[in-house]
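Colleague: I'm new to looking at protein models. Could you walk me through how to read one?

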Amino acid sequence: MIGIVISTHSTFAQGLKAACEMVAGPQENLEAVCFMGDTDLLELGEQIKAIGSQYEDGCIYVVDLVNATPFNASLLAIADSENVVLTGASLPMMLELITMRTGYEGTCESLAREIQKSSADYVEVKRARDIF
């Protein structure tokens, strides 16, 4: 099973993991790394890499923001691998990712690209008058 490491600012990563497990039950190969601003980029990269490297089927590193510290640390973590970074962490994204990875036969990159394609389904604009 493809592993997932969520790395975000503050405790958002831990919250996403907890919310996923509340909805979908306990998850194997899913870890959260919270960047609290007190960890050096290289140290954070090594920490993230150590977690992701234990997954035999590869790892998708999910981050909140492009070009921010968790993103850059995750890039360092995947430098010598076929693993990928997926940006824009959200609960709908995470639920789809953990659901699709079960029994998935493709690569980390192909799974991440499928998630990327369907991401437009997660964002909608609604007005109350359209619903009621």
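Modeller: Sure, let's go through the sheet, its helices, a few residues and the cysteines. Keep in mind that this is a predicted model.

Colleague: How many strands form the sheet, and in what order do they sit?

Modeller: To read a sheet, follow the strands from one side to the other. Here 4 strands make an open sheet, ordered S2-S1-S3-S4, with parallel pairing. At the edges you find S2 (30-35) and S4 (84-86), each of which pairs on one side only. From one strand to the next, the twist averages 25°.

Colleague: What joins S1 to S3?

Modeller: Look for bridges between the two strands. S1 and S3 (residues 59-63) run parallel and are joined by 5 bridges. If you want a place to look, find Ile 6, which stands opposite Val 62 in S3.

Colleague: Which strands does helix H1 lie across?

Modeller: For a helix on a sheet, check which strands it crosses and at what angle. H1 (residues 12-24) lies across S1 and S2, and its angle to S2 is about 155°. Then there's H5 (residues 108-118), lying across S3 and S4 and running at about 15° to S4.

Colleague: Is Thr 8 buried or exposed?

Modeller: Relative accessibility is the number to check, and under 20% means buried. Thr 8 has 0%, so it counts as buried. This residue lies in strand S1 (residues 3-9). Beyond its neighbours within four places in sequence, Thr 8 touches Ala 13, Val 33, Cys 34, Phe 35, Asp 64 and Pro 70.

Colleague: And Phe 132, buried or exposed?

Modeller: Over 50% means exposed. Phe 132 comes out at 81%, so it counts as exposed. You'll find Phe 132 in the segment after helix H6 (128-131). Its C-alpha atom is 33 Å from that of Lys 17, and the two residues are 115 apart along the chain.

Colleague: How many disulfides are there?

Modeller: A disulfide is a covalent bond between the sulfur atoms of two cysteines. A search of the whole structure turns up 0 of them.

Colleague: Why does Cys 20 have no such bond?

Modeller: Check how far its sulfur is from the closest cysteine sulfur. That one belongs to Cys 34 and is 13 Å away, which is too far for a bond. Cys 59 is in no disulfide either: the nearest cysteine sulfur, in Cys 108, is 6.8 Å away. For a disulfide, the two sulfurs have to be within 2.5 Å.

Colleague: Are Cys 20 and Cys 59 buried or exposed?

Modeller: Cys 20 counts as buried because its relative accessibility is 0%. Cys 59 also has 0%, so it counts as buried too.

Definitions and conventions
Residues are numbered from 1 along each chain as its sequence is written. This is a predicted model: local features need pLDDT of at least 70, side-chain atom pairs count only at pLDDT 80 or more; totals for chains, interfaces and linings use all residues. Side-chain values use heavy atoms; hydrogens and water are left out. Buried means under 20% relative accessible area, exposed over 50%, partly exposed in between (1.4 Å probe, protein chains only). Contact means heavy atoms within 4.5 Å. Two strands pair if DSSP finds at least two bridges between them. Axes are lines fitted to C-alpha atoms, for helices over the stretch in contact, and angles run from 0 to 180 degrees between N-to-C directions.
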